[in-house]
Amino acid sequence: MKAQPKASHFIDGEYVEDTAGAAFDSLYPATGEVIATLHAATPAIVEKAIAAAKRAQPEWAAMSPTARGRILKRAADIMRERNRELSELETLDTGKPIQETIVADPTSGADAFEFFGGIAASALNGDYIPLGQDFAFTKRVPLGVCVGIGAWNYPQQIACWKGAPALICGNAMVFKPSENTPLGALKIAEILVEAGLPKGLYNVIQGDRMTGPLLVNHKDVAKVSLTGSVETGKKVAGAAASNLKHVTMELGGKSPLIVFDDADLESAIGGAMLGNFYSTGQVCSNGTRVFVQKGIKDKFLARLKERTEKIVIGDPMDEATQFGPMVSKAQLDKVFSYVEKGKAEGATLLTGGGIPNSVSSAGNYIQPTVFADVTDDMTIAREEIFGPVMCVLDFDSEDEVIARANATEFGLSAGVFTQDITRAHRVVDQLEAGTLWINAYNLAPVEVPFGGSKQSGFGRENSVAALSHYSELKSVYVAMGKVEAPY
Ligand code: NAD
C-alpha cells in the first residue's frame, strides 16, 4: 500500500520538496508498512510558507466575507464528493477503521468549511454604538498569519477545524500536522485551492517538535492554535507569550463520565464504550474515569464486559472492523505500560489488556481494556493514557462523585447519565469542564463550542465562538461636533 504525496509540503498553492530536511517514514499502523517517505521542513521551507501566507493575506482580508464563504462551501462540497478517497487516506494515516473515518473525519472537516462558509455573511459584522450626537462602531479584523499545529488522532478534522475559522475571518494559515499523520492535511490544502482559495492562504509544512518552535517563534506569526498534550501546550503557550501572540490550546484530559443508578443502563454502557474505545481510545475528550453508582455496579460491569468482548477488531480497511490499531508503536508501548501499572497498583482487569489474536503482529494492536475497582489515587485514574483503557470507579452519593470528578488538573469534558433531569443539570453545573454531555458522550457538532478549562486549555473551536479567537475588534469613535478642549 502506498500513499506517497507529490511532495512533503504544500506552499503558495503548490507541492514543494526540500530534500535537505530530515527524511521520515509514514507507517500504516495496521501493518507497520512504509506508505510514504517525507522530509521535515528546513528553516528555508518555514520561511517560504510564512512569506507566502503574509503576502496573500491582505488581499484575502479585503474580499467580502460572502465571497470568502463561497470558497469554503465549495471546499466542503468537494470533500463530501471525495469522502471515500479521503477516508481511506485517513485510515492509512491513522489506522482508524474505515467504518469510523467514513462518517467522522472528512465529513466533520467538511462541516467546518460549510458552517464557517455559511455564517461568514452575517457573523463578522461589527456593532454600532450610539453616544448621543457622537457614535462609535466596531469592526472585526483578522489577526494576520495564523499557525495551526495538529495532533495525530483526527488529522483531517483538526486541519479543517483550525483552517475554516482562520480563513473565514480573513487570515492566512500555515498548518503543521503531527509527524505521525502527515498525509491528510496536504489533501485539504489541495482541495482548498481547487475550490478557488487564492494561493498562499493555506499552507502545510511537515515536521515534529523541532519544527513547531520555528513557527511559534516566528515574528510574522500573529496566532498559534495547538491541538496536543498539556506538556506541549505549556511549551507552545510559553513561547507564544514571550511575543504576546494570540493562542488557542486544545489539550489533553482525564474526563469523568458519571453513571447514576437510575440511568438507562444500555445507553450508559454504550456512552462509556464510545467514550473510551472510539478511535481506539485516542480521543482527547474521552470519559476515561467512569464513575458508576454502587447500586448498579455489578450489572454495569457484567454487560460492559459482554459488549466489550464482542467488539470486532481487525483490518481497518474492512468495513466490518470496529476497532483498529494505535497510531504508533511508541503510543502502543505507552498504553501497555499503563496496563501494567493498573495491575500492579491493584485494579481489577475486567477484560482486555493483551494483544488481540486475529490481527497482524506487526500492527500496533491492543485489546479494548477495562479496569474495575479503580481508586482515585491510582496512576491509571490520574494520568491521560490516550488509549483504549477504561477505568471504572464506584461511588455512593452525588456530592461525593462531583468532588472526586473535579479532583484533577484537567478540565476538558465530562458526562452524566441519569433519568433525573434536575439532577443532570445540577451535576453539570458543578463539573469543571469546557464540554459536557447529558445522556450522551463525545458528540461534537460544529455548531457547539468545543474546548477545555483548567489545564486542558483555553479558547474554543467550532461555533460562532471560534471567530473571536481568529479576529480582534477595532473600535472607531466618530465625533460629530467640534472638539472642546479646556486649553
Ligand atoms: P503532542 O503534544 O505530542 O504533539 C502535538 C503537536 O505538537 C505535534 O504536531 C507535534 O509535532 C507538535 N509539537 C511538539 N512539541 C512542540 C513544540 N515544542 N513546539 C511546537 N510544536 C510542538 O500530542 P500528540 O501526541 O500528537 O497528541 C495527543 C495529545 O493531544 C493528547 O494529550 C490529546 O488529549 C491531545 N488532543 C487534544 C485535543 C483537543 O481538542 N483538546 C484533540 C486531540 C488530541
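**Figure 1. Confidence along the chain of the predicted model.** Among the elements of the chain, the highest mean pLDDT (99) belongs to strand 9 (residues 202–204) and the lowest (96) to strand 19 (residues 457–458). Here pLDDT is the predictor's confidence in each residue, from 0 to 100. Helices (H or I, at least four residues) and strands (E, at least two) are DSSP runs, numbered from the N terminus. The average pLDDT of the chain is 98, and 100% of the residues score at least 70. Residues are numbered from 1 along each chain as its sequence is written. In this predicted model, local features need pLDDT of at least 70, side-chain atom pairs count only at pLDDT 80 or more, and totals for chains, interfaces and linings use all residues, while side-chain values use heavy atoms, with hydrogens and water left out.

**Figure 2. The ligand and its polar contacts.** Around the ligand stand 28 residues, of which G150, E179, S229, T232 and E384 come nearest; a residue belongs to this set if one of its heavy atoms lies within 4 Å of the ligand. A polar contact is a pair of N or O atoms within 3.5 Å; within protein, one must be able to donate a hydrogen and the other to accept it, and residues adjacent in sequence count only if both atoms are side-chain atoms. A polar side-chain atom of E384 is 2.6 Å from an oxygen atom of the ligand, and a polar side-chain atom of K176 lies 2.9 Å from an oxygen atom of the ligand. From G228 a polar backbone atom takes part, 3.3 Å from an oxygen atom of the ligand. The protein buries 91% of the 850 Å² that the ligand exposes when taken alone, with areas from the Shrake-Rupley method and a 1.4 Å probe.

**Figure 3. The shell around the ligand.** Two or more residues of the shell come from each of helix 8 (212–216), strand 10 (223–227) and helix 9 (230–242). Helix 9 gives the largest share, three residues. By class, the shell holds twelve nonpolar, nine polar and seven charged residues. Ala, Val, Leu, Ile, Met, Phe, Trp, Tyr, Cys and Pro count as nonpolar, Asp, Glu, Lys and Arg as charged, and the others, Gly among them, as polar.

**Figure 4. Helix 7 and the residue G196.** Helix 7 (residues 184–194) has as its buried residues G184, A185, L186, I188, A189, I191 and L192. Buried means under 20% relative accessible area, exposed over 50%, and partly exposed in between (1.4 Å probe, protein chains only). G196, just after helix 7, takes a positive phi of about 115°.

**Figure 5. Two buried loop residues, Q282 and P316.** Q282 lies in the loop between helix 10 (265–277) and strand 13 (289–293) and has a relative accessible area of 2%. Leaving aside neighbours within four places in sequence, Q282 is in contact (heavy atoms within 4.5 Å) with residues including W152, Y154, M326 and F386. P316 sits in the loop between helix 11 (297–308) and helix 12 (329–344), with a relative accessible area of 0%. Not counting residues up to four places away in sequence, P316 touches Y28, K96, P97 and Y365, among others.

**Figure 6. Positive phi at D12 and D373.** D12, in the loop between strand 1 (9–11) and strand 2 (14–16), is not a glycine, yet its phi is positive, near 55°. D12 is partly exposed, at 26% relative accessible area. D373, in the loop between strand 15 (369–372) and helix 13 (379–382), has a positive phi of about 55° although it is not a glycine. D373 counts as partly exposed because its relative accessibility is 33%.
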